[in-house]
Structure formats: structure tokens, C-alpha cells
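Q: Please take a close look at chain A. How do its parts pack, and what touches what?

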Amino acid sequence: MPPISRAFPDRASVAPANSAPAFAPMSARRLYVFGGIALIAAGLLFGDIFAVFILHQNAALQGEALIAASRAVAAGNAAAVNEVFSHLGNVLEDRGTKVDAHVHMIGAGYLALLLALVQPYIALSRPTKKSLAALFIAGGVLLPLGIFLIHYVGLAGSPFAAIGWASVLADSAGALLILVLTVQAWGFWQYLRSRQISEPELPAEDSMPSRALLTGGTVLVLLGFLHGAYYAGTLLYEHEQMETAILQRLINAATAGNLDAVTTEVNNFGGLAGARAVNIAAHSHIIEFGLLAMLLSFVQPFVFLSEKWKRRWVKVLLGGSVILPVFVLLELKLGLLAGGIADIGGLMVIVALMGMLVGILRYSGGLDVENYVESNAGEGAR
Amino acid sequence: MTGSRKLLIFGGMALAAFGMLYGLQYALFVEHQTLDHMGGSLAQSFAAAATRNLGQSQAALEQYGDTKYDYVRQLDAHSHWIGLAMLMIVLGVIFERVNFSEGIRQLVAFSLLAGSALFPLAVILQTYHHGAMVLKALAVVGSGLVIAGLTATAWGFARPRTTA
């Protein structure tokens with residue numbers, strides 16, 4: 001057999017010398033890292049699309065439903081009120097399932113990265129670990145897909161009274177994730193009994209990108225905690241009292257047939273819902289991005305890019321992680337302009353994730369080629 | 001594995017498992033009824049107003065407010081338990097990079113664990129005693145312990161390496 005030339009001769013210049021044994025091609029760890037980053041990027045992209053095309057339109061539909069309910073109250077039509085609230089439930093389900101799909105996809109991605117970290121401490125055979133990783137990624141994809149479809153599939157063709165096929169898909173995928181985690185826990189228990197790691201630990205890299213991600217991530221999480229504490233201490237109770245007060249004024253205005261006042265109160269209700277939503281979104285996103293940065297600091301040894309590009313992606317990721325939550329908060333003052341900038345922040349995080357994913361793909365591709373060359377050379381010698 | 005890492009990893013895993021089990025029992029036995037009750041109360045409030053029964057309308061609206069108060073806290077406690085647990089596990093993996101002596105690291109780890117368990121617990125207890133100052137104070141103490149622990153951790157990461 002003719003010799004196969006190295007496809008990526010410059011790869012060695014950016015390859016950490018001690019990382020190869022810990023990250024063999026097609027290993028469980030590689031599946032978790034690929035799948036985890038891909039799930040997080042897909043979840044963020046879905047969230048960006050949701051924020052641009054669905055979120056504000058859905059809020060407008062909620063406002064319209066409240067005005068329709070108030071008109072029905074003014075007309076003394078209780079049956080129409082119930083009909084409007086049934087429709088409102090449908091609008092809320094549309095929004096809720098999309099938010100849940102976004103959250104669950106990213107959550108599964110985080111768990112996948114976390115599982116990649118703990119693989120040396122899972123005392124199971126390599127094929128079992130690999131099968132578990134494939135099952136986990138499949139569950140991580142099917143769970144949000146099922147949740148997303150709940151609103152569209154409904155109870156069509158379902159033999160159950162209250163559960164549709166999409167819910168069955170989502171629940172089955174959730175059960176699959178629980179099963180995988182249970183087997184991983186059993187593997188961890190086996191490790192505790194033997195105290196022998198089953199594969200090399202992730203190499204500790206003391207580079208600028210790793211340190212920046214670790215410190216930056218911790219600071220982001222801390223900022224998120226401080227914002228959450230501020231919101232809970234100063235605004236949470238006030239907002240809760242305002243909601244029932246606005247609804248009470250809305251009902252009074254509708255009963256008096258004052259439709260101008262109804263419109264004002266519906267706008268107040270929308271404003272309050274917006275204020276709560278942006279505070280909660282800013283709090284949760286900055287903490288999630290902080291956790292993501294910390295998790296990504298562990299996989300930096302396997303991002304096969306030059307130091308310059310690794311630094312660039314870290315800066316883009318941390319920049320986007322600050323821009324998104326800050327401009328989500330500023331939406332109340334600056335309106336859609338801030339919303340647009342926040343979406344760009346989300347896009348920066350996605351682009352940085354894709355850049356790192358490419359770096360990880362470059363690494364494994366190079367190793368595959370090297371192994372292929374070595375095995376063929378061995379066969380040729382025989 | 002050092003004591004501080006054990007505390008964070010095992011404490012985090014136990015807290016995550018507890019948070020998930022709590023969420024599972026809530027989703028199976030409480031959540032659907034709560035959501036039905038919440039939506040039903042609001043609809044009933046408007047429907048009663050349509051029939052000009054303002055007393056019933058107000059009572060239904062108050063029920064809606066109370067139910068939502070409980071629902072928000074149940075969900076918050078569940079998500080914060082699991083979220084904080086994940087953070088502790090991640091920190092546990094790299095806690096030797098926090099450049100303090102092991103004694104201080106154990107103190108920081110204990111602060112993170114205690115705060116992560118206490119803060120959501122105080123939030124849940126508020127559903128039994130709406131607006132109780134003691135429980136609000138407990139939640140503040142819990143979140144304060146987590147914030148203090150994380151501040152120390154960030155400082156420890158940023159410090160030059162002097163200890164193992």
C-alpha cells in the first residue's frame with residue numbers, strides 16, 4: 001500500500017503535547033464535548049430566533065387577550081370570558097414550550113460537558129461509556145424536540161386523555177437521560193470502591209485562555225448572584241403586589257365599561273411582565289454564561305487553534321456573555337435597540353462556541369489521520 | 001482528593017439529586033393542580049366580574065395572587081438547588097486552583113454548601129408563611145453565604161500560585 005501523507009502537517013504546532021491520550025478519537029469524552037457544545041450552541045441559536053420572531057409577538061397576543069376578556073366583562077358575557085382565557089392558555093403554552101425547549105437543550109449541553117469532566121472517575125468499560133454518551137446526546141436532542149412539538153402536536157392520535165405523543169417523546173427522552181445518569185452514578189460508585197481512574201484526567205492547562213475563562217466565568221456567576229440578590233431584595237415583592245393591583249384595577253375598569261382605562265391597565269400589565277422577564281432573563285443568562293465559560297476552560301487543551309485564535313474566541317465569548325444580559329436589562333429603557341444589541345451578544349457567544357468546536361474537530365481529525373497512517377504503516381511492514 | 005473538593009463534589013451531587021427529586025415530586029403531584037388553580041382563579045375573577053359579582057371576583061383574584069406567590073417560589077427553589085449544585089460540582093473539580101490554604105478552602109466550600117442548601121430552603125418555607133421576616137432573613141443569609149464563598153473563590157483563582 002502506498003504511504004499516505006500527513007493531511008495536516010502544521011497541526012503539531014498547536015497541539016498540547018500531553019492531551020492526546022486523554023481525548024482519543026470517538027471516545028465517550030469526545031462525544032460529550034462535541035455533543036455538549038453543539039447542544040449549547042443550538043439552544044442559544046434557538047433562543048435568539050425565539051427572541052427575535054416570537055417573544056414580542058406573543059406578548060402582544062397576551063395583551064390582546066386581556067383586552068378581549070375585559071370587553072367581555074364590560075358586556076357582561078361570562079361565556080366569552082372563559083373562551084378568551086382558553087385562548088390565552090394556548091398563547092401561554094406556545095411561549096412556555098419554546099422557553100422550555102431552549103432551557104432544556106442548553107441544560108443537557110451543560111450536563112454533557114460536566115460528564116466529559118468526570119469520565120476518568122466512571123469505572124465502566126470503554127464501549128459501555130461510549131454507548132452511554134451516544135444515548136445521552138440522543139436524549140439531549142429528543143427532549144427539547146419533544147417539548148417544542150407539544151404545542152403543535154397536541155393530543156392528535158394520542159391514546160391518552162391528557163398526554164400527547166410529543167409529551168411522550170419528551171418524557172421518554174427525559175427518562176433516557178435519568179437512566180444514563182443512574183448508570184454513570186453506579187460507575188462512580190465502582191470507582192470509589194476501586195479508587196482507580198479508568199482513563200487519564202484532563203490535563204490542567206495554565207494558559208491565558210483557560211485562566212480568562214475560569215476567572216471571567218466566576219466573575220460572571222458572581223455578578224449574576226449580586227443582581228439576583230438585588231432584584232429579590234428590592235423589586236420581587238413590589239412586582240408581585242403590583243400584578244394583583246393592576247389586575248384589580250383592570251377588572252374594575254372593565255366592570256365600569258371604561259375601555260380607555262382598560263387599555264392603560266393592560267399596557268401597565270405588559271410593562272410589569274416585561275420588567276420581570278428582563279430581570280429574570282438577565283439574572284439567569286449571566287450565570288449560565290459564567291458556568292459555560294468555566295466548563296469551557298477545562299476543554300481548552302483540546303481546542304487545536306493557535307494561541308491568538310484561542311484568545312480571540314475567549315474574548316468574543318466573554319464579551320457576548322456581558323453584552324447579552326446587560327442589554328436585556330436595558331431593553332426597558334432603550335426598547336428594541338437594546339433588544340437587537342442583546343441578540344448580537346447571543347450571536348457572539350454562538351460564534352465563539354462554533355469557533356472552539358472547529359478547534360476541537362481539527363484536533364480529533366488530525367489524530368484520526370495519524371492513527372490511520374500508523375495502522376497502515378504497520379500493515380505494510382507485515 | 002482534598003477535603004474541600006470532597007465537600008463540594010459530594011455536597012453538590014447530593015444537593016442536585018435532592019433538587020431533582022423535589023422537582024419530580026412537585027411536577028407529578030402538585031404542579032398541574034397549581035397551574036389549573038392559578039389559571040382557573042384568574043378566569044373566575046374575570047367571569048365573576050362579568051356577572052357583576054365583585055366580591056367573588058376579588059376573592060378569586062386574591063387566590064390567584066397567593067397561588068402564583070407559591071408557584072414562583074417552588075420553581076425558584078427547585079432551579080436554584082440544582083443550579084447551585086452544578087456550580088459546586090464544577091468548582092469542586094478545580095478547587096485546588098483556588099490559591100488559599102486547605103483550611104480556608106474548606107471554610108469557603110462549607111460556606112458555598114451551606115448557603116446553597118439554606119437559600120432555596122428559606123424560599124420554599126415562605127410558601128407556608130407568606131411574608132415572614134425570619135424566612136426572608138434566612139434567605140438573605142443563605143444567598144450571602146453563597147456570594148461570600150464565590151467572591152473568595154474568584155479571588156483565589158486570581159491570586160498568584162503560592163499553595164498547592
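A: Here is chain A, from its domains down to single helix pairs, with its partner chain at the end.

This is a predicted model; local features need pLDDT (the predictor's confidence in each residue, from 0 to 100) of at least 70, side-chain atom pairs count only at pLDDT 80 or more, and totals for chains, interfaces and linings use all residues. Residues are numbered from 1 along each chain as written, while chains are lettered from A and ligands numbered from 1 in the order written. The model scores ipTM 0.84 and pTM 0.81.

Start with the domains. Chain A has domain 1 (22-202) and domain 2 (208-377), with bounds from an automatic or database domain assignment. Their C-alpha centres are 18 Å apart. Across the boundary, 28 residues of domain 1 of chain A are in contact with 34 residues of domain 2 of chain A (contact: C-beta atoms, placed from the backbone, within 7 Å).

Which helices supply the domain 1 side? Two or more residues come from each of helix H1 (28-74) and helix H2 (78-118) of chain A. Helices are DSSP runs (H or I, at least four residues), numbered from the N terminus. H1(A) gives the most to this side, with 20 residues. By class, the side of domain 1 of chain A that touches domain 2 has 23 nonpolar, three polar and two charged residues. Here Ala, Val, Leu, Ile, Met, Phe, Trp, Tyr, Cys and Pro count as nonpolar, Asp, Glu, Lys and Arg as charged, and the others, Gly among them, as polar.

Now follow H1(A) to another partner. The axes of H1(A) and helix H3 (residues 126-153) of chain A come within 8 Å and cross at roughly 10 degrees. Axes are lines fitted to C-alpha atoms over the stretch in contact, and angles run from 0 to 180 degrees between N-to-C directions. H1(A) and H3(A) are therefore roughly parallel (under 35 degrees; over 145 is roughly antiparallel). H1(A) brings Ala28(A), Leu31(A), Tyr32(A), Gly35(A) and Leu39(A) to this contact. Residues on the H3(A) side include Lys129(A), Lys130(A) and Ile137(A). The contact of H1(A) with H3(A) holds eight nonpolar, two polar and two charged residues.

H3(A) also packs against helix H4 (residues 165-194) of chain A, at about 155 degrees, with the axes 7 Å apart. H3(A) and H4(A) are therefore roughly antiparallel. H3(A) offers, among others, Phe136(A), Gly139(A), Gly146(A) and Val153(A). H4(A) answers with residues including Trp165(A), Ala173(A), Gly174(A) and Gln184(A). The contact of H3(A) with H4(A) has 18 nonpolar, six polar and no charged residues.

Next comes domain 2. Helix H5 (residues 208-234) and helix H8 (residues 307-334) of chain A have axes that come within 9 Å and cross at roughly 10 degrees. H5(A) is therefore roughly parallel to H8(A). Met208(A), Pro209(A), Ala212(A), Leu213(A), Gly216(A) and Leu220(A) of H5(A) meet Lys310(A), Arg311(A), Val314(A), Leu318(A) and Ser321(A) of H8(A). Seven residues of the contact of H5(A) with H8(A) are nonpolar, two polar and two charged.

Last, the partner chain. 33 residues of chain A are in contact with 29 residues of chain B. On the chain B side, H1, helix H2 (54-93) and helix H4 (133-158) of chain B each supply at least two residues. H2(B) gives the most, with 11 residues. The side of chain B that touches chain A has 19 nonpolar, nine polar and one charged residues.

Conventions
Two residues are in contact if their C-beta atoms, placed from the backbone, lie within 7 Å. Angles under 35 degrees count as roughly parallel, over 145 as roughly antiparallel, 65 to 115 as roughly perpendicular and the rest as oblique.
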